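Below are some notes on the model, set out point by point for discussion. They follow the covalent links, then two individual side chains, and then the aromatic residues.

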Amino acid sequence: QVQLVESGGGSAQTGGSLRLSCTSSEFAIRSRCIGWFRQAPGKRREGVASIDIDGTNTEYAPFVKGRFAISRDKAKNTDYLQMNNLKPEDSGTYYCAARRPWNNCRDGVVPDDFNYWGQGIQVTVSS
């Protein structure tokens, strides 16, 4: 079972920042398209951002563009989601996910395109 682990969640106030990390002890992040998703209670899981195998091409959902940034540290085998100017509607459980090895990202950050998931981490933004 491919394992992804998220870290860095927690609480922030409106306008604050958090940085989430996604890593794996079982495979090289650099061989994967990685996506970040979130799910609020009672809502569908939605795509937030993705980064391609090369770590150079990124895609963002409109509601986080300009506020969130996804990046990759190949040496640390870790991807990051820097979240700035947080809003209460950013609250939810955040998941990182990976596509199969060497299957690059598709257009759109769609949950069904991803094969391996972390267990999720909570982010709470208070007003």
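1. Counting the bonded cysteines along the chain, the disulfides follow the pattern 1-3, 2-4. The model is a predicted one, and a search of the whole of it finds two disulfides. The points below take each disulfide in turn.

2. One disulfide is formed by Cys22 and Cys96, whose sulfur atoms are 2.1 Å apart. Because Cys22 belongs to strand S3 (residues 18–23) and Cys96 to strand S9 (residues 92–98), this pair ties together parts that are 74 residues apart in sequence. The link of Cys22 and Cys96 is right-handed, with 70° about the S-S bond. As for the surroundings of the two cysteines, Cys22 counts as buried at 0% relative accessibility, and Cys96 is buried with a relative accessible area of 0%.

3. Cys33 and Cys105 are joined by a disulfide with an S to S distance of 2.0 Å. Cys33 lies in the loop between S3 and strand S4 (34–39), while Cys105 lies in the loop between S9 and strand S10 (116–117), so the pair ties together parts that are 72 residues apart in sequence. This link of Cys33 and Cys105 is right-handed, with 105° about the S-S bond. Are its two ends buried or partly exposed? Cys33 is buried, with a relative accessible area of 0%, whereas Cys105 is partly exposed, with a relative accessible area of 24%.

4. Turning to a charged residue, Arg72 is placed in strand S7 (residues 68–73). Its relative accessible area is 15%, and because buried means under 20%, Arg72 falls in the buried class. Which polar partners does the side chain of Arg72 have? A polar atom of that side chain lies 3.0 Å from the backbone oxygen of Arg32, and the side chain of Arg72 also makes a polar contact, at 2.7 Å, with the side chain of Asp79.

5. The wider surroundings of Arg72 can be read from its contacts. Setting aside residues up to four places away in sequence, Arg72 touches Ile29, Arg30, Arg32, Ile34, Ile51, Asp52, Ile53, Gly55, Thr78 and Asp79. Arg32 and Asp79, which are among these contacts, are also the residues named above for the backbone oxygen and for the side-chain polar contact.

6. Leu18 is found in strand S3, the strand that also holds Cys22. With a relative accessible area of 13%, Leu18 is buried. Leaving aside neighbours within four places in sequence, Leu18 is in contact with Gly8, Gly10, Ser11, Ala12, Leu81, Gln82, Met83, Leu86 and Val123. How far is the C-alpha atom of Leu18 from that of Ile29, eleven residues apart along the chain? The two C-alpha atoms are separated by 21 Å; Ile29 itself is one of the residues that Arg72 touches.

7. For the aromatic residues, the count comes to three ring pairs. In one of them, the rings of Phe37 and Phe114 have their centres 5.1 Å apart and their planes at 75°, so this pair is edge-to-face. Phe37 lies in strand S4 and Phe114 in the loop between S9 and S10, so the two rings tie together parts that are 77 residues apart in sequence. Both Phe37 and Phe114 are buried.

8. Another of the pairs consists of Tyr95 and Trp117, whose ring centres are 6.3 Å apart and whose planes stand at 75°, so that the pair is edge-to-face. This pair links distant parts of the chain, with Tyr95 in strand S9 and Trp117 in strand S10, 22 residues apart. Tyr95 counts as buried at 13% relative accessibility, whereas Trp117 counts as partly exposed at 26%.

9. Taken together, ring pairs link Phe37, Tyr95, Phe114 and Trp117 into a cluster. Where does Arg45 stand with respect to Tyr95 and Trp117? Arg45 lies over the face of Tyr95, at 3.8 Å from the ring centre, and the charged end of Arg45 also sits over the ring of Trp117, 4.8 Å from its centre.

Technical notes: Residues are numbered from 1 along each chain as its sequence is written. This is a predicted model: local features need pLDDT of at least 70, side-chain atom pairs count only at pLDDT 80 or more; totals for chains, interfaces and linings use all residues. Side-chain values use heavy atoms; hydrogens and water are left out. A disulfide is a pair of cysteine sulfur atoms within 2.5 Å. Helices (H or I, at least four residues) and strands (E, at least two) are DSSP runs, numbered from the N terminus. Buried means under 20% relative accessible area, exposed over 50%, partly exposed in between (1.4 Å probe, protein chains only). A polar contact is a pair of N or O atoms within 3.5 Å; within protein, one must be able to donate a hydrogen and the other to accept it, and residues adjacent in sequence count only if both atoms are side-chain atoms. Contact means heavy atoms within 4.5 Å. Rings of Phe, Tyr and Trp (its six-membered ring) pair if their centres lie within 6.5 Å; planes under 30 degrees apart count as stacked, over 60 as edge-to-face and the rest as tilted. A charge sits over a ring if NZ of Lys or CZ of Arg is within 6 Å of the ring centre and within 35 degrees of the ring normal.
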